[in-house]
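Student: I would like to learn how to read the features of a protein model, one at a time. Could we work through an example together?

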Amino acid sequence: MAETAPPDPRFAALPGRPGKIIAVHVSYASRADQRGRRPAQPSYFLKPSSSVAPSGGTVERPAGTELLAFEGEVALVIGREARRIGADVAWGHVGWVTAANDLGLYDLRANDKGSNVRSKGGDGFTPLGPRLLDARTLDPAALRVRTWLNGALAQDDGTGGLLFPLARIVADLSQHLTLEVGDVILTGTPAGSSVVVPGDVVEIEVDAPTAPGAPSTGRLVTIVTQGEVPFDASLGSLPAVDDVQRAEAWGSREAAGLPPVAPVLTPELRAKLERVPVAGLSQQLRKRGLNTVTVDGVSPLRPGAKLVGTARTLRFVPGREDLFASHGGGYNAQKRAFDAVEPGDVLVIEARRDPGAGTLGDVLALRAHARGAAGIVTDGAVRDADAVAAVGIPVFSNGTHPAVLGRKHVPWEADVAVACGGTTVQPGDVVVGDTDGVIVVPPALVEEVVDAALAQEDEDAWIAERVAEGNPVQGLFPMNAEWRARYDAWRAAR
């Protein structure tokens, strides 16, 4: 008689070894807001079942790495096969709920481009357990996940804070693949995920505090250890980190021990840009070989408005009924962009120079103003123009139009390079506008260009005074050697 293999202790808290583990990238509003971007739809990655670990086990931080991060999550275990089901019945296909730690190694994240095979698939990177809760007895909108790091509470959120309800996630996945009994869905982590080091102890609990008896999974315990075997450079990508990865792994630059990013526009530099005309900046950029830096065809909604800030971007694509149905409603890219602007930002909107429908109205202008935005630039139209002007935020547009954006435009994506008024604008570019129009200044050149423009303004003002005194333009504009010497002496005497 053949011997029966002993049960694998890694899967002791599950019905068996899962055929697949599917994880959601970003699903909690608190996590999305911490990252500064809210996804319009859920997105996923796969983890191997070999990454599963039981409660009380260890996870190794590989040699040569520094950014192993915990993520406390609600895990769903499929109890009934699901294929192309609706959200209204999806919860009935979930058999059990348990706690999960979706551990990830940020040192290997960059080269996986979102697939997370190496950064999330390591042995021990998916602790699950210690107990299963019967999903039939639970309200999927009233579950809670908490994480403790070395005894201190690090995460505390509920499924009421999800951007995408649990049933929707199950139904969406069933559109693309068959969810089989025993499959595990990791439903995303809230804010508070951070880095662990060897010796740390992570504990995660999922419970239903408002349900009768307040059922709980108990605490899923994982101990971090130090690995000794380095990665082999001859086989594949080596661990690599930068300050961006450190900030994301720790949750913030401050938590990572990094200095705050110095703003491109310091108060002093912003004050200089307020003084310099767009025409002067255009002249200086042309001297440096940059000619296609003006946002053509836009003018201020309020005469005399001045605009200075750092670009955030929003892109509309041409209107198409099916695409507007899928991307135009709900919390679409347009609303996300206006919710994400920060003090001093200028929201630059690409609308293909089509003024046939509004790209914003008074409500969105109020939202940008309330968040401290420095202004809005669109090569499309503005609706509710009088009300938008009354808000007080500088707005430069290609005209006004009463129609809503669904007539011509589909809000598509934010914080990408856009083509606005014939020029490329990247997030982080410096944007300046006045009655002459709007210009885009590369951040690396802004200080040099504004100082040169202000110096040129002084020179032009001195020349204007000489012309007003009756001197001929010839030899003065531009200055010959004699006039240059007189100007230099005037400057030295100031």
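The dialogue below goes from the whole chain to some of its local features.

Student: What should I take in before turning to single residues, and how many helices and strands are there?

Tutor: Keep in mind that this is a predicted model. The protein chain holds 13 helices and 26 strands, and its C-alpha trace spans about 115 × 55 × 40 Å along the principal axes. Of the 494 residues, 48% are buried.

Student: How can I check the length of a helix, taking α13 as the case?

Tutor: The idea is to compare an expected span, at 1.5 Å a residue, with the distance between the end C-alpha atoms. Helix α13 covers residues 481-493, and its 13 residues should span 18 Å, which agrees with the 18 Å between its end C-alpha atoms. At the N-terminal end of α13, N480 acts as a cap, with a side-chain oxygen 3.2 Å from the backbone nitrogen of E482.

Student: How many aromatic pairs does a search of the whole structure find?

Tutor: The search finds four. In the pair of W462 and W490, the ring centres are 6.3 Å apart and the planes stand at 40 degrees; planes under 30 degrees apart would count as stacked and over 60 as edge-to-face, so this pair is tilted. The pair links distant parts of the chain, since W462 belongs to helix α12 and W490 to helix α13, 28 residues apart. Together with W483 and Y487, these two tryptophans form one aromatic cluster.

Student: Is W462 buried or exposed, and what of W490?

Tutor: Buried means under 20% relative accessible area, so W462, at 5%, counts as buried. W490, at 32%, counts as partly exposed.

Student: Which residues make the nonpolar surface patch of about 270 Å²?

Tutor: The patch is made by V467, V473 and F477. V467 is found in helix α12, which covers residues 446-468, and at 34% relative accessibility V467 counts as partly exposed. F477 also takes part in a cis peptide bond to P478, with omega near 5 degrees, and P478 is placed in the loop between α12 and α13.

Student: Where does P130 lie, given that its peptide bond from G129 is cis?

Tutor: P130 lies in strand β9, residues 126-134, and the bond from G129 has omega near 0 degrees.

Student: Which phi value does N116 have, although it is not a glycine?

Tutor: N116 has a positive phi of about 65 degrees. N116 sits in the loop between β8 and α3 and is buried, with a relative accessible area of 6%.

Key
Residues numbered from 1 in each chain as written. Predicted model: local features only at pLDDT ≥ 70, side-chain atom pairs only at ≥ 80, totals over all residues. Heavy atoms only, no water. Patch = residues over 30% accessible without salt bridge, like charges linked within 9 Å, V, L, I, M, F, W, Y side chains within 5 Å. Areas by Shrake-Rupley, 256 points an atom, 1.4 Å probe, with all protein chains shown as cover. Salt bridge = Lys/Arg side-chain N within 4 Å of Asp/Glu carboxyl O. Helix = DSSP H or I, 4+ residues; strand = E, 2+ residues; numbered from the N terminus. Buried < 20%, exposed > 50% of the residue type's maximum accessible area, 1.4 Å probe, protein only. Expected span 1.5 Å × (residues − 1). Polar contact = N/O pair within 3.5 Å; in protein donor to acceptor, adjacent residues only side chain to side chain. Phe/Tyr/Trp six-rings, centres within 6.5 Å; stacked < 30°, edge-to-face > 60°.
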